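Here is a friendly walk through one model, written with a computational chemist in mind. Have a look at the structure first, and then read on.

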Amino acid sequence: MAYAFRWAGTMGTDNIQNTIISRAVMDAVMDPIFVLRADDHIIDCNAAACSLLEMDLTDIRNQQARQLFAQWPDGIIAALDFPEAETEIELRQRRQRSYRITVVSGHKDHEREDGWKILMFNDITGERQLTRELSDMNENLEQIVLARTESLQAEIERRREAEAGLQEVNREMATTQRELLLTLSSVVESRSRETANHVARVAELARMLGNLHGLPPEDTDILAAAAPMHDVGKIAVPDAILCKPGPLTSEERALMQKHSTTGYEILHRSERPLLRAAAVIAHEHHERWDGFGYPRGISGEKIALSGRIVAICDVFDALVNPRVYKAAWPIRQVIEQFHKDSGTAFDPDLTRLLLSNIDQAVAINDLWQ
Ligand SMILES: [Fe+2]
Ligand SMILES: [Fe+2]
């Protein structure tokens, strides 16, 4: 607060209140002001100061400030020991008012005989209240933020759990799908003249060739899961043809060869990547590299990689295992046959991969007997 006082420090102390400070100005100031001599006697004070002390001006004048404020908080007396000082006090007995106490001196040497001091009281109760309210608001805000953070963390945790649950369901569905395919393939297998575990061995051989070809693991997983379905279309081939011990007539062969198209028609409507892969394999596992296969007679890389792989694995398994109509071929003979069929019936690169890893293929065959 700015005071409209002008002090003339060189003037005598006797009439300071008359010559230096205008009474009107003094009393216009709403905050209590005391004018003290160097020996701490009060020379003058304003109306606000009288009301603060609840005393008349005549009773205040010439009182020792230290005596007058003896019962007040210590800060006031301590501030009077300095030429310039500022402190804050709280008066509990006076309606919880808070004051900032300021001491200023008329001389640097405030103990000079003609020196004087001003003791001002600024009511800072409102300011203190505002600070308290602000601090309470901050605390409330912190609590709100804390509660919101906790609820967000709980929400994140809940979503994480839901996501983990969903992943588990997806895993379960994928496993179920694979098991269903394998079961369905085994049912088809059990109707035909093929040996037990044929579809499981074809799956593992396809995985082996897929890996050797450099397919990523997720693709070889799908390839291995879809490969057992290659003959699913045989479900529509009558038993009389499927289980006929002798050679087939050309009519019967045509019906038998329909299994690749039937398998494709059963599977290709699905949106699932696994069933779509199975549809392609069912359709193309009897196509030949040279274009003389069936059902469409497509050739080379027009045949899907999965179809070319399963074609090799299907024939390899048929040759190295006994069937009701033939004995198992010795591995040397199987190798010779694949050398002969490379580039005609089969993709030469994939055939080379099989032949250079023939021990691994034989080990898979032995494992799945
Ligand atoms: Fe087939
Ligand atoms: Fe087969």
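The notes below cover the metal sites and then two helix contacts.

## The site of iron ion 1

Please keep in mind that this is a predicted model. The iron ion (ligand 1) takes its protein donors from Asp 231 (OD), His 259 (NE2), His 285 (NE2) and His 286 (NE2), at 1.9 to 2.3 Å. Angles between these four donor atoms run from 82 to 170°, which makes the arrangement irregular.

Along the chain, the donors of the iron ion (ligand 1) follow the pattern D-x27-H-x25-H-H. His 259 belongs to helix α12 (residues 259–267), while His 286 sits in the loop between α13 and α14 (305–320), so this pair ties together parts that are 27 residues apart in sequence.

## The site of iron ion 2

Which residues coordinate the iron ion (ligand 2)? They are His 198 (NE2), His 230 (NE2), Asp 231 (OD) and Asp 314 (OD), lying at 2.2 to 2.8 Å. This site is irregular too, with angles of 78 to 145° among the four donor atoms of the iron ion (ligand 2).

The sequence spacing of the donor residues here is H-x31-H-D-x82-D. His 230 is found in the loop between α9 and α10 (239–242) and Asp 314 in helix α14, so the pair links parts that are 84 residues apart in sequence.

## The shared aspartate

Asp 231 appears among the donors of the iron ion (ligand 1) and among those of the iron ion (ligand 2). Asp 231 thus bridges the two iron ions, which lie 4.8 Å apart.

## Helices α9 and α13

Helix α9 (residues 217–226) and helix α13 (residues 273–284) have axes that come within 9 Å and cross at roughly 60°. The two helices are therefore oblique to each other, and α9 passes α13 in a right-handed crossing.

On the α9 side, the contact involves Ile 222, Leu 223, Ala 225 and Ala 226; these meet Pro 273, Leu 274, Ala 277, Ala 278 and Ile 281 of α13. By class, this contact has nine nonpolar residues, with no polar and no charged ones.

## Helices α14 and α15

How do α14 and helix α15 (residues 331–341) pack? Their axes are 10 Å apart and the angle is about 150°, which makes α14 roughly antiparallel to α15. Here, too, the crossing of α14 past α15 is right-handed.

Ile 312, Val 315, Phe 316, Leu 319 and Val 320 of α14 make this contact with Ile 331, Val 334, Gln 337 and Phe 338 of α15. The contact of α14 with α15 has eight nonpolar residues, one polar and no charged.

Key. Residues are numbered from 1 along each chain as its sequence is written. Chains are lettered from A and ligands numbered from 1 in the order in which they are written. This is a predicted model: local features need pLDDT of at least 70, side-chain atom pairs count only at pLDDT 80 or more; totals for chains, interfaces and linings use all residues. Side-chain values use heavy atoms; hydrogens and water are left out. Axes are lines fitted to C-alpha atoms, for helices over the stretch in contact, and angles run from 0 to 180 degrees between N-to-C directions. Helices (H or I, at least four residues) and strands (E, at least two) are DSSP runs, numbered from the N terminus. Angles under 35 degrees count as roughly parallel, over 145 as roughly antiparallel, 65 to 115 as roughly perpendicular and the rest as oblique. A crossing is left-handed if the near helix is turned anticlockwise from the far one by less than a right angle, and right-handed if clockwise. Contact means heavy atoms within 4.5 Å. Ala, Val, Leu, Ile, Met, Phe, Trp, Tyr, Cys and Pro count as nonpolar, Asp, Glu, Lys and Arg as charged, and the others, Gly among them, as polar. Donors are N, O and S atoms within 2.8 Å of the metal (3.2 Å for Na, K and Ca); water is not among the atoms, so sites may look incomplete. Four donors count as tetrahedral if all angles lie between 85 and 135 degrees; four count as square planar and six as octahedral if opposite donors are over 155 degrees apart and all others between 65 and 115; anything else is irregular.
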